[in-house]
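Here is a short report on a few side chains and their surroundings. Keep the sequence and the model open as you read.

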Amino acid sequence: MRYGSSALPIAWVTADAAYGQEQHFRRMLEETGVGYVLAVPRSQQVKTPAGSWRIDHVLTGAPAEAWERISCGNGAKGPRVYDWAAAKLPAVDGAKSTHCRWVLARRSLARPEEIAYYLAFAPADASVAELVRVAGARWAIEECFQAAKNECGLDQYEVRRYVGWYRHITWSHWRRRHQAIARHCHCHCQRRTRPDRVSHEPPPT
């Protein structure tokens, strides 16, 4: 992946289950020391010294006190609050002592039967709240892509060659970036020109 040659520091990676269930992808991140919080299907196998277990079985029977109510970020309707349970996994395959593997579960407040699962790889001093924050960052990315589809036609292309696809995607991202800058400048100008206080008193005579 090209991130390895980037000059920008990369601390975390988050992704949906399409990437999370790929063992080679997770191993590549671990070998480069990059932390991750990746969604996985409930049937995902988790390796432990005692053998392999489904991730939903690993967290089955977690006591009530194991669940913490944490917000994973703000959404369109306010904070996204869920119940979260997490557990560190024993080290296997010579994992780095500076990092730990985790399993996480996210339970809906309105529908407790709906539980999503994650695998994580994090520095040894990482907290559950930090893992939750990383997991929640994926929604902001997905919302950005959805906005680019709705407003910039990100997915409205009919091409057969990579060059044509690349040009369209690049143009869509450039337009989305221009929109974001224009909105930021507009809001900034409004704040500067808006009076701090409006007086309703009549002018002196």
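## A buried arginine

The model is predicted. In it, the side chain of R106 makes a polar contact with the side chain of Y118, at 2.6 Å. R106 lies in strand β7, which covers residues 99-107.

Which side chain of opposite charge is nearest to R106? That is E114, 6.8 Å away. A salt bridge needs the charged atoms within 4 Å. R106 is buried yet has no salt bridge.

## Around R106

Leaving aside residues up to four places away in sequence, R106 touches Y82, D83, W84, E114, I115, A116, Y118 and W139. Y118, the polar partner of R106, is thus also on the contact list. E114 is on that list too, although E114 forms no salt bridge with R106.

## Two tryptophans in helix α5

Helix α5 spans residues 162-193 and holds W171. W165 is found in helix α5 as well.

Are these side chains buried or exposed? W171 is partly exposed, because its relative accessible area is 42%, and the partly exposed class runs between 20% and 50%. W165 also counts as partly exposed, with 31% relative accessibility.

W171 and G153 are 18 residues apart along the chain. Their C-alpha atoms are separated by 9.6 Å.

## A nonpolar surface patch

W165 is one of the residues in a nonpolar surface patch of about 590 Å². The other members are Y157, V159, Y162, V163 and Y166. Patch residues must have over 30% relative accessible area; W165 has 31%.

Conventions:
Residues numbered from 1 in each chain as written. Predicted model: local features only at pLDDT ≥ 70, side-chain atom pairs only at ≥ 80, totals over all residues. Heavy atoms only, no water. Helix = DSSP H or I, 4+ residues; strand = E, 2+ residues; numbered from the N terminus. Buried < 20%, exposed > 50% of the residue type's maximum accessible area, 1.4 Å probe, protein only. Patch = residues over 30% accessible without salt bridge, like charges linked within 9 Å, V, L, I, M, F, W, Y side chains within 5 Å. Areas by Shrake-Rupley, 256 points an atom, 1.4 Å probe, with all protein chains shown as cover. Lys, Arg positive; Asp, Glu negative; His and termini not counted. Polar contact = N/O pair within 3.5 Å; in protein donor to acceptor, adjacent residues only side chain to side chain. Contact = heavy atoms within 4.5 Å.
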